[in-house]
Amino acid sequence: DAIIQTGDILDDDAGHKEAEEFAGGVERLNEFGTVYYVEGNHGNKAASSALTNQTSDAEFEHISQEGTHMEDDEQIMLCGLDEGGSLRVVIDRPHPIADVEIGVFHENLKEEGDGLSVSDVDTETGWDVYIVGHYHKASEFDHREVDTDSGESLTLYTGSVDGISKSKSYSTWYDQDPSVWEIKVLDGTVECTRHSLVPKIKQSR
């Protein structure tokens, strides 16, 4: 098992306290597996440095552009793209081959940057799953699965975990249905299921 974080770990005004709180969260998550991550467009150097120090003994691994094999399963490969990274570099670089290949991006895949879309990347890499951060609006499906031998791919926009989208299509934060997503890889099939965080967030507010 593993946890994938798609960027924006800390906000722009975060300090040592927030870094310490997140590090504590990583430690708890490590009970279930390694936490893999890419860098986002928010945060600051001081808090990031503090987080690095506080997670030095944790299973907290940056996903490289070249490809990172999951620790407990060499047949699953993650390929990461931090905010501001080049999709073209990711596509053109040789990368490890695995039974299931997952792209983890914190990058606009529509108009900015390289001007490449998910479909462009899919055409050139043939990866099985694309997990995209940055957007506050999440994918609208609750469950989806693909056969890894079919040539099809699954694209997931994770959305915000705390309902901060400013889209006018939402009247309240919980209309956004902030969620975590469970991805299962079983016998050549990738399944993705939404788990809503609304009940837990309502309890804490």
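Reader: Why does Asp177 count as partly exposed?

Author: The relative accessibility of Asp177 is 23%. Buried means under 20% relative accessible area and exposed over 50%, with partly exposed in between (1.4 Å probe, protein chains only); Asp177 is therefore partly exposed. The model is predicted: local features need pLDDT of at least 70 and side-chain atom pairs count only at pLDDT 80 or more, whereas totals for chains, interfaces and linings use all residues. Residues are numbered from 1 along each chain as its sequence is written, and side-chain values use heavy atoms, leaving out hydrogens and water.

Reader: What is the phi value of Asp177, and where is Asp177 found?

Author: Its phi is near 50°, a positive value in a residue other than glycine. Asp177 belongs to the loop between β9 and β10. Helices (H or I, at least four residues) and strands (E, at least two) are DSSP runs, numbered from the N terminus.

Reader: Why is Asp8 called partly exposed?

Author: Asp8 has 24% relative accessibility, so it counts as partly exposed. This residue lies in the loop between β1 and α1 (16-29). Although Asp8 is not a glycine, its phi is positive, at about 55°.

Reader: What makes Gln5 a partner of the backbone of Gly7?

Author: A polar atom of the Gln5 side chain lies 2.6 Å from the backbone nitrogen of Gly7. Gln5 itself is placed in strand β1 (residues 2-5). Once neighbours within four places in sequence are left aside, Gln5 is in contact (heavy atoms within 4.5 Å) with Tyr36, Tyr37 and Val38.

Reader: What makes the pair of Phe105 and Tyr130 tilted?

Author: The centres of the two rings are 6.4 Å apart, with 40° between the planes. Rings of Phe, Tyr and Trp (its six-membered ring) pair if their centres lie within 6.5 Å; planes under 30 degrees apart count as stacked, over 60 as edge-to-face and the rest as tilted. The pair therefore meets the distance limit and is tilted. Phe105 is in strand β6 and Tyr130 in strand β7, 25 residues apart, so that the pair links distant parts of the chain. Both Phe105 and Tyr130 are buried. The structure holds six aromatic pairs, and ring pairs link Phe22, Tyr37 and Phe60 into a cluster.

Reader: How do you know that β6 and β7 are paired?

Author: Four bridges join β6 to β7, and the two run parallel. Strands pair if DSSP finds at least two bridges between them, and four bridges therefore suffice for β6 and β7. Across this pairing, Val104 stands opposite Ile131 in β7. Both strands belong to an open sheet of five strands with the order β4-β5-β6-β7-β9 and mixed pairing.

Reader: What makes β4 and β9 edge strands?

Author: In the five-stranded sheet, β4 (68-70) and β9 each pair on one side only. Its neighbouring strands are turned by 25° against each other on average, direction ignored.

Reader: Which residues touch the most other members of the largest nonpolar core?

Author: Ile102 and Leu156 do, in a core of 19 residues. A nonpolar core is a set of buried Ala, Val, Leu, Ile, Met, Phe, Trp, Tyr and Cys residues joined through side-chain atoms within 4.5 Å. Two or more residues come from each of β5 (73-81), β6 (100-105), β7 (129-132), β9 (154-157) and β11; β6 gives the most, with three. Beyond its neighbours within four places in sequence, Ile102 is in contact with Ile76, Met77, Leu78, Cys79, Val129 and Ile131. A second, separate core has 14 residues, among them Leu87, Phe105, Trp127 and Val132. In soluble globular proteins, nonpolar side chains tend to be buried together.

Reader: How many bridges join β10 to β11?

Author: Eight bridges join β10 to β11 (residues 189-196), and these strands run antiparallel. Trp181 stands opposite Arg194 in β11, and Val185 opposite Val190. Two residues lie between the strands of this hairpin, in which Asp187 takes a positive phi near 50°.

Reader: What is the strand order of the open sheet of three strands?

Author: The order is β8-β11-β10, with antiparallel pairing. Its edge strands, β8 (143-147) and β10 (179-186), each pair on one side only. On average, neighbouring strands of this sheet are turned by 15° against each other, direction ignored.

Terms used
Axes are lines fitted to C-alpha atoms, for helices over the stretch in contact, and angles run from 0 to 180 degrees between N-to-C directions. A polar contact is a pair of N or O atoms within 3.5 Å; within protein, one must be able to donate a hydrogen and the other to accept it, and residues adjacent in sequence count only if both atoms are side-chain atoms.
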